[in-house]
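Here are my notes on this model, written for someone new to reading structures. Keep the viewer open and follow the points in order.

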Amino acid sequence: MTVYATLDSPLGELLLVGVESATAPGGTALVSLSVPGQKGGAVVQDGWRLAPEAFAGIAAQLRAYFAGELTRFDIEYAADAPGTDFQRRVWAQLDALEYGTTASYGEIARRIGASSVQVRAVGTAIGRNPLLVVRPCHRVIGSDGSLKGYAGGLERKEALLGLEGALSPTPTS
């Protein structure tokens, strides 16, 4: 059964969507975390159950992150969440980006063995990341250091990078 909850945050009201954990009975695996107005963001569906208690641990981690007290999430993602093999390879690289650091789209492409002509596909995969904030696509910037694309809006990307102290980064490529 799909469960959901909302959580107030500095980015606006977050929508958390999850399913029962495959590894921790009674736990919740995160399927989606989206912000208001997000391009491609989740929308509550008929049959979903409002269950804020199912997200207590995730919500606590998010609050700690926004308070500047947490730099790495320990959240189970749903194993059967949507995504192509290519997207999953890109998303794995997002998960590897450390707090307060950035990488360019080209660097992410190189890390997965994609050619320079596939950088646009990498950007598309990043834009389809269903787990904003916790899978840190906000840490991917243009090769010139500029803020480029973010499904939640550039102002939110800037806020997240500001929180992490990464607003004036030198990209790794």
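1. In what order do the four strands of the open sheet stand? The order is β3-β2-β1-β4, and the pairing is mixed. Keep in mind that this is a predicted model.

2. Now look at the edges of the sheet. β3 and β4 (49-50) stand there, and each has a single partner strand, so one side of each has no neighbour in the sheet. β4 pairs with β1 in the parallel sense, over two bridges. Find Tyr-4: this residue stands opposite Leu-50 in β4.

3. Next, turn to helix α1, residues 56-66. Its buried residues are Ile-58, Ala-59, Gln-61, Leu-62, Ala-64, Tyr-65 and Phe-66. What covers them? The cover includes the strands β1 (3-7), β2 (14-20) and β3, along with helix α5 (154-163). Just after α1, Gly-68 takes a positive phi of about 80°.

4. In soluble globular proteins, nonpolar side chains tend to be buried together. Here the largest nonpolar core has 41 residues. Leu-14, Leu-16, Leu-30, Leu-62 and Val-133 have the most contacts inside this core. Two or more residues come from each of β1, β2, β3, α1, α2, α3 (105-111) and α4. α1 gives the most, with six residues.

5. Which residues does Val-133 touch, leaving aside its neighbours within four places in sequence? Val-133 is in contact with Leu-62, Tyr-65 and Phe-66, which are among the buried residues of α1. The other contacts of Val-133 are Leu-11, Leu-33, Phe-73, His-138, Tyr-150 and Leu-160.

6. Another core lies apart from the largest one. This other core has seven residues, among them Tyr-4, Leu-15, Val-31 and Ala-81. Tyr-4 is the residue that you met opposite Leu-50.

7. Now for the empty space. Rolling a probe the size of a water molecule over the atoms shows where such space is left. The largest pocket holds about 600 Å³. Its lining has 28 residues, and Gly-123, Thr-124, Ile-126, Gly-127 and Arg-128 lie nearest its centre.

8. Which element gives the most to the lining of the largest pocket? α4 does, with six residues. β3 (28-34), α2 (85-96) and α4 (119-127) each supply at least two residues of the lining. By type, the lining divides into 13 nonpolar, eleven polar and four charged residues.

Technical notes. Residues are numbered from 1 along each chain as its sequence is written. This is a predicted model: local features need pLDDT of at least 70, side-chain atom pairs count only at pLDDT 80 or more; totals for chains, interfaces and linings use all residues. Side-chain values use heavy atoms; hydrogens and water are left out. On a 1 Å grid over the protein atoms alone, a cavity is a set of points where a 1.4 Å probe fits but cannot get out, and a pocket is an open set with protein on both sides within 12 Å along at least five of seven lines; lining residues have an atom within 4 Å of a point. Grid points are joined across faces, edges and corners, and a volume is the space filled by probe spheres set on the points. Ala, Val, Leu, Ile, Met, Phe, Trp, Tyr, Cys and Pro count as nonpolar, Asp, Glu, Lys and Arg as charged, and the others, Gly among them, as polar. Buried means under 20% relative accessible area, exposed over 50%, partly exposed in between (1.4 Å probe, protein chains only). Contact means heavy atoms within 4.5 Å. A nonpolar core is a set of buried Ala, Val, Leu, Ile, Met, Phe, Trp, Tyr and Cys residues joined through side-chain atoms within 4.5 Å. Two strands pair if DSSP finds at least two bridges between them.
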